[in-house]
Amino acid sequence: EIIGSTDHRSGLFWLQKPALSGDKLLAMLGKCTFEKSEYRAPKSSFTAERHAWLTRLTNVRLIDDRRTRGLNETEWRAALTLPYESPEEFKYKHLRAALEKLGVPKSFRFIGLAYPSERQKFEEKAKNPEDERLVKLPAWHELKSILKKAGLESEWQQISTAAIEGNAKTLDDIAWILSVYKEDDEVVRELRKLNLPNAEKMIDALLDVRFDKFHALSLKALRNILPHMERGLRYDEACIKADYHHSQLFKLGEGDKKYLPSLYKGRDDKNRMIFNEDIGDIPRNPVVLRALNQARKVLNALVHAYGSPAAVHIEMARELSKPFDERRDIKKDQDEYRARNEKDKSSFASEYGIVGTPRGGDFEKWKLYREQTGKCAYSLAPIDINRLLEEGYVEIDHALPYSRS
């Protein structure tokens, strides 16, 4: 009963706890920063990805002839739909092409990009900084690809057009189901509750898709904020228009001493610290919490002595304190790693006939297989590449460092 048969898939010894799904996952899912009774939105929802795109678009700044400006209304409207029509990675150069069609002079540059010097151009060492990604909408493009390959292009057109025109409920509901429910029978049950076009064929196609990340805000809060951002307001301005304050720490103009709140709100009956959920989405890593708590004490001491600051500037000491050349080399390495990783993902997906974005665990197995020259790191036994993704054949060992073992 314990060891089961020899196929390593039966018996109590091989039994694995099922993945969190449905109500069990919801019990672990945090609540919205603003709407305290609402669960956080899936990052894969149209509304959450729209929020990410509007945030990036609002922050775009052009400089030409020493004048800096944001996009005007005509440019804004022209840019708004571009990432949905373009390849998965919408880059600055794609936005440039659209702006030049509207008559913006070619001499303009984007603020924030590291344009090459004349010397770098002369030495032919310069890369086009506008090849950098401006925004990525992975869920939109994955769903689009999956449904088109299933012959559901007109159905995709129907629900995607509705979302872009302001009715994103169907796409948001699909993302919620594919993020919260993990078992096929649960996904089928929940998707059948939606009014999907060509429902059974669409459900069958969507069974190959799963999402797992969540936003800090709920769909309800995002839907209250987005209409104001659609008109070009910044996130903080849109929050105020929606009767939220984006920091949730104090109301504007109240008092001259505004302290950062404690990370904890007391202890439970077992004397364990209770985290203060009202302060928003903060990583629960002990090292991060200690650093934040010490920074909070320092800032509050300064506020106590001198009153609230007009502004706070944060310097990322490990990177921004480095000279420009060194920072440029770091960015170059990061860009090369990202490009290599994307190329590897494409090769992996092609080799195994995977549609859409490969699962992280499967891709990691494939990378480790190549790094370990096709052998188990412990026994040195050869690994069969044809069985690499077979469930239970090989597992990734997350070894503890010596200091913790």
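In helix H2, the buried residues (under 20% relative accessible area, 1.4 Å probe, protein chains only) are Phe46, Thr47, Ala48, Glu49, Arg50, His51, Trp53, Leu54, Leu57 and Thr58. The model is a predicted one, so local features need pLDDT of at least 70 and side-chain atom pairs pLDDT 80 or more, while totals for chains, interfaces and linings use all residues. Residues are numbered from 1 along each chain, and side-chain values use heavy atoms, with hydrogens and water left out.

With ten of its 14 residues buried, H2 is largely enclosed by the rest of the structure. Helices here are DSSP runs (H or I, at least four residues), numbered from the N terminus. From first C-alpha to last, H2 reaches 20 Å, close to the 20 Å expected at 1.5 Å a residue (1.5 Å times one less than the number of residues).

H2 also turns up around a cavity, meaning a set of points on a 1 Å grid over the protein atoms alone where a 1.4 Å probe fits but cannot get out. One cavity of 30 Å³ or more comes out of the whole-structure search, and the largest has a volume of about 60 Å³, taken as the space filled by probe spheres set on points joined across faces, edges and corners. Its lining (residues with an atom within 4 Å of a point) consists of Ser44, Ser45, Phe46, Glu49, Trp140, Leu143, Leu171 and Ala175. Helices H2 (46-59), H7 (138-149) and H9 (169-180) each give two or more of these residues.

Elsewhere, Val303 sits in helix H14 (residues 286-306) and, at 1% relative accessibility, counts as buried. Val303 and Tyr259 are 44 residues apart in sequence but 6.9 Å apart in space, C-alpha to C-alpha.

Conventions:
On a 1 Å grid over the protein atoms alone, a cavity is a set of points where a 1.4 Å probe fits but cannot get out, and a pocket is an open set with protein on both sides within 12 Å along at least five of seven lines; lining residues have an atom within 4 Å of a point. Buried means under 20% relative accessible area, exposed over 50%, partly exposed in between (1.4 Å probe, protein chains only).
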